[in-house]
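Welcome, and please open your viewer. We will go from stop to stop, selecting a few residues each time and looking at what is there.

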Amino acid sequence: MRAVVYDRYGPPDVLRVEEVPVPAPSAAQVLVEVAATSVNLSDWEGLRGIPMYARFGGLRTPARRVLGSDIAGRVASVGSGVTRFRVGDEVYGDNLGLMGGFAEYAVAPESALAHKPSELTFAEASTLPQAGSIAFQGTARARRGQRVLINGAGGGAGSFAIQLAKLSGAHVTGVDNAGKLDFMQKLGADEVVDYRSQDFTRLEPYDLVLDLVAHRSVFAYRRALTRGGRYLCVGGTVRTLLRVMTVGAALGLLTRRRLGILISRQGPAHFEPVAERCIAGDLRIHIDRAFPLNEVPQALAYVGEGRALGKVVVTP
Ligand SMILES: NC(=O)c1ccc[n+]([C@@H]2O[C@H](COP(=O)([O-])OP(=O)(O)OC[C@H]3O[C@@H](n4cnc5c(N)ncnc54)[C@H](OP(=O)(O)O)[C@@H]3O)[C@@H](O)[C@H]2O)c1
């Protein structure tokens, strides 16, 4: 089969298309013939090995040769212990542990996969598992009348988070680069901020800040919160994440705010509710572009360099 492989961390040109053996599923795994894999910032981070947490399992060289975690496709074979899926079933899921989606076939644990709803195309379904889960968990505490700010709101997880926060009845501010302000407004953001010209931590205090790209000091984040407000950080620099967990948590306790990290729980329980809301017409899936397998380097650069509005998909 064809797969996009890499053997060292670096820019997109370390990736190449190679013929490799089709992987064999173990007892609890499913072999999926990939129809679509969406790109997440975590793929870009895994490609470059930056931030350091992206080198988990492979400090010097990548632990997995093929990136791509959010897969959708048809079951090609199942391991002896698999009970929920049969050959031919249409499935989707976040394969963050094994990756391998930028290829014609990928193996995934049965527990990571769900049956794809017939109302969604493979491309649409592939946008949901990681970005949808993060947005779903990150906005779970948003309430009617609250002021919610989403930092990095024009990307994959952010585009779902804006819509979910609006559905909860909150007043939503989206922060991203100037090229994404219109897009965020179309998704429902009440206010939009260009992070290159305005500092959101100096605007007004918010009841909930969901930060997809944290890199500021915990004092700035604390300033952005109302009394009783909550700052949740999902991704960013390792230094910032460590400070949020330590100094930020203590600072929050002392000043009646809460600063912490959202470790996104994986699995169908966390993305199927998002799919249901898409099918009900409450949420819109925005696919900016689809790339063929041999253009995975371009697809990753498009997301990593911040040009994508919403999601980008690779279709082998
Ligand atoms: N906690 C967990 O369990 C977990 C699991 C998986 C993934 N993650 C993390 O979740 C995050 C999800 O990202 P995604 O896939 O939605 O990424 P994405 O699609 O690339 O969106 C990120 C957005 O943030 C913008 N941005 C970059 N720097 C910014 C800044 N300083 N201020 C405001 N906006 C900025 C980007 O645009 P520009 O680049 O143009 O600025 C982009 O529009 C990633 O950080 C990933 O590492 C966390």
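Begin with the open sheet of this predicted model: six strands make it up, paired in parallel and ordered S10-S9-S8-S11-S12-S13. To find its edges, select 191-194 for strand S10 and 258-261 for strand S13; each of these pairs on one side only. Colour the sheet and turn it in your viewer: neighbouring strands are turned by 15° against each other on average, direction ignored.

Now select residues 147-151, strand S8, together with residues 206-211, strand S11. How many bridges join S8 to S11? There are four, and the two strands run parallel. Show Ile 150 as sticks, and you will find Leu 210 of S11 standing opposite.

Next, go to the ligand and display what surrounds it. Its shell holds 25 residues, and the closest are Gly 156, Asp 176, Asn 177, Lys 180 and Tyr 195. Colour the shell by residue type and you get 11 nonpolar residues, 11 polar ones and three charged ones. Colour by domain instead: domain 1 (2-127 + 285-315) and domain 2 (131-261) each give at least three residues to this shell.

Stay with the ligand and look at some individual atom pairs:

- Select Gly 156: one of its polar backbone atoms is 2.7 Å from an oxygen atom of the ligand.
- Select Tyr 53: here a polar side-chain atom lies 3.3 Å from a ligand oxygen atom.
- Select Asn 151: a polar side-chain atom of this residue is 3.5 Å from a nitrogen atom of the ligand.

How much of the ligand's accessible area does the protein cover? On its own the ligand has 940 Å², and the protein covers 88% of that. Then highlight helix H1 (41-48), helix H3 (129-138) and helix H4 (156-167), the elements that give two or more residues to the shell.

Two loops remain on the tour. For one, select Ile 50 and Pro 51, which are joined by a cis peptide bond with omega at about -5°. Pro 51 sits in the loop between H1 and strand S4 (70-78).

For the other, select Met 99 in the loop between strand S5 (90-94) and strand S6 (105-109). What is phi of Met 99? The angle is near 55°, a positive value in a residue other than glycine.

Note on methods: Residues numbered from 1 in each chain as written. Predicted model: local features only at pLDDT ≥ 70, side-chain atom pairs only at ≥ 80, totals over all residues. Heavy atoms only, no water. Near = heavy atom within 4 Å. Polar contact = N/O pair within 3.5 Å; in protein donor to acceptor, adjacent residues only side chain to side chain. Areas by Shrake-Rupley, 256 points an atom, 1.4 Å probe, with all protein chains shown as cover. Nonpolar A, V, L, I, M, F, W, Y, C, P; charged D, E, K, R; others polar. Domains from an automatic or database assignment. Pairing = 2+ DSSP bridges. Axes fitted to C-alpha atoms, helices over the stretch in contact; angles between N-to-C directions.
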